[in-house]
Amino acid sequence: MVKFSKQFEAQIVPEWKEAFVDYWQLKKDINNINLHNNTNKTTSIDNSVFSSIRKLSFFGHYQREHGVIQVHKKLASSASTGDMYQTELLEHFADTDADAEFFARLDLQLNKVNQFYRNKEKEFIERGDSLKRQMEILVELKEVLKQQQRDKCSKEEVSISGLISCENEEESNRGKTEHEQGMENGVENVETPKSDDNGKSIRVQREDGKMRAGLSGQVFTFQGRNLKMKIPLINPSRAFSAISYLVWDDLVSQSSKKIGGERAMLHINKPKLHHAEKMIKGAMIELYKGLGYLKTYRNLNMMAFVKIMKKFDKATNKQVLPIYLKVVETSYFNSSDKVTKLSDEVEEIFIKYFAHEDRRKAMKYLKPTQRQESHGVTFFIGLFAGSFVALLVGYVIMAHIIGMYGPRPDTIYMETVYPVFSMFSLMFLHFFLYGCNTFMWRKARINYSFIFEFKSTKELKYRDVFLICTTSMTVVMGVLFVHLTLVAKGYSYAQVHAIPAFLLLALLLVLVCPFNVVYKSSRYCLLRVIRNIVLSPLYKVVMLDFFMADQLCSQVHMLRDLEYVACYYMTRSYKNQDWDYCRRTKYYSDLAYAVSFLPYYWRAMQCARRWFDEGQTSHLVNLGKYVSAMLAAGAKLAYEKEKSGGWFFIVVVISSGATVYQLYWDFVKDWGLLQPRSKNPWLRDELLLRRKFIYYISMGLNLVLRLAWMQTVLHYKFGKVDHRITNLFLAALEVIRRGQWNFYRLENEHLNNAGKFRAVKTVPLPFHEVDEED
C-alpha cells in the first residue's frame, strides 16, 4: 500500500505546493514529541485511536470526549483576512515544548490553508462573474447578428452596434502585464437603438473621426455600460486583416454618409464575434480547470489534517483528533460550497452554449481524458534502441575497415554523405535530450505542460519522444549502413548517390504528412513554432517559441550541414560528384554567413518583440546577448576565410566577451543561480534537486562547454581523427550543454510561476468596460 505522504506529494498542484499543509514538517514535529515522550506505547493506543475515528463523521457531529485541548476562534477584523484559530493546551495535557510547537505549527497551517482558499475562491468567483457578463453580451450580440441577417434577407436596413474596435492587446496567457497597442476605426457620432424581446437595448456611440496619437475609439453600450471588444492581434494575418478592414471601413463609412444628419450604417463583424466566442470558451475551460484544482486542494488538505492527527494521537495516546477535526471540518476551506456551485454553473453554461446541450461533448473540453501509456511503446523503444546500437557498431567497424576515418579518407563520401549523418545525429540527439528533460521535469514535479501551454491530450510524453528517436535513428543508420555496404562492394557513387537525398526527402514528407499518423498534432505544432520563429517579430512571442529558438542557437552546425546537403542536391552536383562546387560559389559563402546568423537574429527579434509588447528593459539586455553572439559568429567565419593574425585577435576578444555575457545570463537570469545572499551558497533559496552539488557541477560543466568555441579557432588535431568528426563531436557537446540548460531554465521558470501561485492561464476577455469620457 502506498504511503499517504507519497500520494499527497503526487497529487498536489505543483504551483500551489507552498500553500498546502506542510505535512512533512508536521511529521518531524511528531517525531520530536516521540523523543520527549518516555511512556511505553501499548496496543490499547491503537484501539482507542480507531474507536475515536469510528465515532466521527467528516461532515457531521460527534460526542465530545474528555477535552485535552481547546481551539479558540478569533473573528476576522475584515472579510479578506478570515478567521484565525489558536489551540490552547489544557492543564492535564502533557505540556512539553514539543507539543506546544506542534500545535502552534498546526494552527499556522490551518490558518494558511483557509487564507489561501479564501483568496483563490474570491479570484475564481470574480472570474466567473466576469465570464457570466461576457456571455450575456455575447448571446445578445449573436441575437442581434441573427436579426441583422434576417433584416438583410428582407431588404431592410437596420443599424446596430456590432462592429467593435479591434485593438492590439498583447497579454500573456499566464497573467503577465498587459500592454495594449490598438488600432481602431474613427467615425462620427451615431446612436441607433435596438431592442430585443427582453427589452434590453444596444446602441452605438461612434466617436468623432479624428485620430488621437494614431488611435481612435469605437464604443457600444450594453445594459447602460460603455463597452469595447478587444481582439488580440497575435499573428500577421490578423494584424494585416485588421488594418485593411479599418481602411476599407473608413472608405465605406465616408461614402455612405448621408446629407442632412441621417444615420450612418454600422454592422456586426461576424469573424470578430466568432473570435470573441472562442476567447470566452477558452476562459471558461481554464476557469473550470482552476475550480477543479481548488477542489483537489480542499480534499488533500482535509486528508492531511486527518492523517497527521491520527499520528499525533498514536504518539501521545491522547484523544485529540475528534476535537481538532471538528474545527477543521467547520473551517472555511472545508465548509464553503461556493466553488462547487460555481463549477456547476460553468458546466451548465458550457453545455448550453458551447456543446449544443451535449454533455459528453462538453466534458471532452472541460475534463479531457489523459492518453494511456502503453507497454508496447516501452517494448519498441528497447527493440529499436538495440537495433540502432547494432547498426551503429556495424557502421563504425565497416567504415574503419574501408578507411573512411583515416588520415586519407574517401573525400567524396566524407563530403557528401557524412553531412547527412552528422545532421541527423545532431537533430535526434537534441530530441533524445528533450525526452530526458521531460522525464526529469516530471520527476521534479515541474509543470512543463502548463509552461509550454501544451494540450494534455496531445502532448508528447517522454516515452513517445524516445520511441521517435530510436525509430528514426534506426532507419537512418540502416540506410547509411546499406549505402556504405554498396560503396564497399564497388558500386559507383553515380549509382548510389541518391540514397542520402531520399532519406532527407522522406523525413520532410513525414513532417508535413497531412494524415493523422506519426503524431500529427505534435508535427504540426512544431511547424507552427518554426513558422513563428522564421517570421519573428511579426508573431506574438510565447514561451514555446523562444524556447525553441534557443534550441536552434545550439544547432548552427546542423543548419550548416543542411545548407550544404540542400545545395549539393539542388544544384545537381551529385551527377558528376563535384562536391566542391557549392563552396566555390560566392552565394554559398554569403548564405553561410546568413545561416550562422539566423538563429541569433531570430532570437534577437523575439526579444525586441517582447520588449515592444511588455516594455521590460531586461528584454533589450537579452537582445544584446544575441547580438554579441552574432558578432562572434561573424568574426569566426571571417577568420576561417582570411586566416590572419588580426582576425584571430578579433575573434578571441569578441568571443570571450560574448562568452562572459552568455555565462552571466545562463547562471543569473535563466537559471536564477549565483545569488550571494541565498540560504544555499551561490545558488537560490528554492531548489528542486535535493543534492546541491549537482548545481555546482552543472555550472562548471556549462562553463567548460561554453568554451568549446576555442577549438574552432585553434583547430587542435586529435591524432589522426578527421576534422569533420572533431567538429561533429564539438557540435554534440553544444547540444548536450543545451539539454542541461533546458532543465534548469524550466526549473527557474516553474519556481517563478509557482511563487505567484499561477496554475491556470489567464485568458484575455473580449469585452471591456470603458469610461464615458473615453
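One disulfide is counted in this predicted model. The bond joins Cys567 and Cys582, with the two sulfur atoms 2.0 Å apart. The link is left-handed, at -105 degrees about the S-S bond. Cys567 belongs to helix H20 (residues 556-570) and Cys582 to helix H21 (residues 581-584), so the disulfide ties together parts that are 15 residues apart in sequence. Cys567 and Cys582 are both buried.

Cys553 and Cys607 were examined next. Cys553 takes part in no disulfide. The cysteine sulfur nearest to that of Cys553 belongs to Cys607, 9.3 Å away. A disulfide requires sulfur atoms within 2.5 Å, so a pair at such a separation does not qualify. Cys553 has 7% relative accessibility and therefore counts as buried. Cys607 is likewise in no disulfide, and the nearest cysteine sulfur is that of Cys553. At 1% relative accessibility, Cys607 also counts as buried. The cut-off for buried is under 20%.

Strand pairing was also examined. Strand E1 (residues 69-74) pairs with strand E2 in the antiparallel sense. The pairing runs over 6 bridges. Within this pairing, Val71 has Thr87 of E2 as its bridge partner. Strand E2 spans residues 84-89 and has two faces, one covered and one uncovered. Tyr85, Thr87 and Leu89 make up the covered face. Met84, Gln86 and Glu88 make up the uncovered face. Thr87, the bridge partner of Val71, thus sits on the covered face of E2.

Key
Residues are numbered from 1 along each chain as its sequence is written. This is a predicted model: local features need pLDDT of at least 70, side-chain atom pairs count only at pLDDT 80 or more; totals for chains, interfaces and linings use all residues. Side-chain values use heavy atoms; hydrogens and water are left out. Buried means under 20% relative accessible area, exposed over 50%, partly exposed in between (1.4 Å probe, protein chains only). Helices (H or I, at least four residues) and strands (E, at least two) are DSSP runs, numbered from the N terminus. Two strands pair if DSSP finds at least two bridges between them.
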